[in-house]
Amino acid sequence: MKIALISGITVQDGSYLAELLLDKGYVVHGVKRRASSFNTQRIDHIYQDQHQTPVNFKLHYGDLTDSTNVIRIIQEVQPDEIYNLGAMSHVKVSFDSPEYVANVDGLGTLRILEAVRILGLINKTRIYQASTSELYGGLAENKNEKGMYDENSPFYPRSPYGAAKIYGFWITKNYREAYDMFACNGILFNHESPRRGETFVTRKITMATAAIALGHQDCLYLGNLDAQRDWGHAKDYVEAMWRILQQDVPEDYVIAMGETTYVRDFVRMSFAELGIEIEFKGEGVNEKGYVKACTNSLYQIEIGKQVIAVDPKYFRPTEVDLLIGDPTKSKTQLGWAPQYDLSGLVQEMVAMDVDRVKKDMMLKKAGFRAS
Ligand code: NAP
Ligand code: F7E
């Protein structure tokens, strides 16, 4: 039975990956940070009573900023595979906490690699490093002949997050070359799901779509509507992570859908799921979104109502304008074949957020506090 260790197990990717590995018969260990309030909602459904046997899912308190803790957990678990997904991953927030993000996302990666080396696990433990399309920075001149970013495109990070992750990328590659470690980077483009953190743009939009349609919110405030992202489904992307570690030779891979979409169009698609047509008027900070039509009798919103506005507080000091990834290598070499397209992703996210808002409304009516 293979043993996997996942850092960053509590949120989107970690929770889907844990499910995938448990399905494949792995024993899964996860690192979670101690928090003052509950932070395991996304993995509660797979958590086991630790008194049961066999226990094939176990959580360890830990933090990527603490080398002794990283070494101790790896020594205790003796993993066959480590998935380093732990990170302060919010690009905008990284401008506010640049030193912290360097410590967690950059040095945290080194701590894992070094722990595996110190513990003499080089020939046993394979390591997946969660690298990111933010490494490219969206520079037009660095795209390949297909107009996309691939494994050979130069990097130009545009945030403290991107700069920290570029260290994680190179130190992973360096340990592979220096010590013959099976250590790989997955350069993943944006991936989303109903489990996405609530402050990333897609989830913020689908949550607001549900709340506005159900009369619970008036207006959604967003930042740069002109940004373009290559969005896929996290469930598909964790499958790619696993495939990367099952290869004969350790290499780095781009995981992407190969299509890019404006934030503004994601808003349109999200509302369209509920039969609400949004029309944008104005430009820059004065751009606004209005309800143009509503064909769903369940979600009647007044025609002409303004539901989208721009708030410059969400702008970033330096922005990545456009990302689009070339998945040719992962499709041919890994045999990776995503099951979701963008409309399937939006459909699932909106449906789950509608259910959640309805449940919150019922709880509130019954006198309980909403989630
Ligand atoms: P996420 O929702 O931000 O989750 C990050 C995870 O890391 C959480 O479990 C968090 O724990 C944990 N974490 C944060 N600081 C930590 C620390 N100091 N020590 C240990 N754990 C810590 O990220 P995600 O979207 O699932 O992405 C997973 C990984 O892929 C991240 O490394 C991210 O940078 C990278 N990535 C994501 C995307 C994407 O589009 N989603 C694309 C490319 C790369 P708490 O619950 O305690 O906060
Ligand atoms: O922003 C724009 C924003 O925060 C996407 C992380 O998982 O993917 C993610 O980083 C775009 C940006 O994701 C709002 O300016 C407009 O252009 O959802 P996001 P991100 O910055 O692309 C990469 C691959 C990672 O590795 C990261 O860890 O949307 N945008 N209005 C907004 N963004 C947010 N968050 N909030 C807004 O109101």
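1. Let's start with the surroundings of ligand 2 in this predicted model. Its shell counts 22 residues, taking a residue as near when one of its heavy atoms lies within 4 Å. The closest are Ser 89, Thr 132, Lys 204, Arg 316 and Glu 319. By class, the shell holds 8 nonpolar, 8 polar and 6 charged residues. Here Ala, Val, Leu, Ile, Met, Phe, Trp, Tyr, Cys and Pro count as nonpolar, Asp, Glu, Lys and Arg as charged, and the others, Gly among them, as polar.

2. A few polar contacts of ligand 2 are worth a look in your viewer. The term stands for a pair of N or O atoms within 3.5 Å; within protein, one must be able to donate a hydrogen and the other to accept it, and residues adjacent in sequence count only if both atoms are side-chain atoms. A polar side-chain atom of Tyr 161 sits 2.7 Å from an oxygen atom of ligand 2, and an N or O atom in the side chain of Arg 196 is 2.9 Å from an oxygen atom of the ligand. Gly 223 takes part through a polar backbone atom, 2.7 Å from a nitrogen atom of ligand 2. On its own, ligand 2 has 700 Å² of accessible area, and the protein covers 95% of that (Shrake-Rupley method, 1.4 Å probe; for residues, only the protein chains shown count as cover).

3. Now to ligand 1, which is surrounded by 26 residues. Thr 10, Arg 33, Asp 63, Ser 89 and Tyr 161 are the closest. Oxygen atoms of ligand 1 lie 3.0 Å from a polar backbone atom of Asp 13, 2.8 Å from a side-chain N or O atom of Arg 33 and 3.1 Å from a side-chain N or O atom of Arg 196. The protein covers 90% of the 900 Å² of accessible area that ligand 1 has on its own.

4. Next, the domains. An automatic or database domain assignment divides the chain into domain 1 (3-188) and domain 2 (201-225 + 263-322 + 341-365). Each of the two supplies at least three residues to the shell around ligand 2. Their C-alpha centres are 31 Å apart, and the contact (heavy atoms within 4.5 Å) takes 12 residues from domain 1 and 11 residues from domain 2.

5. How much area do domain 1 and domain 2 bury between them? About 870 Å², 53% of it on carbon and sulfur atoms; buried area is the accessible area (1.4 Å probe) that two parts lose on being put together, summed over both. In domain 1, Lys 92, Phe 95 and Arg 158 lose the most area to domain 2, together 54% of what that side buries.

6. Across this interface the rule finds 0 salt bridges (a side-chain nitrogen of Lys or Arg within 4 Å of a carboxyl oxygen of Asp or Glu). It does find 3 residue pairs in polar contact, both residues at pLDDT 80 or more.

7. Finally, some conventions. Residues are numbered from 1 along each chain as its sequence is written, while chains are lettered from A and ligands numbered from 1 in the order in which they are written. Local features need pLDDT of at least 70, side-chain atom pairs count only at pLDDT 80 or more, and totals for chains, interfaces and linings use all residues, with side-chain values using heavy atoms and leaving out hydrogens and water.
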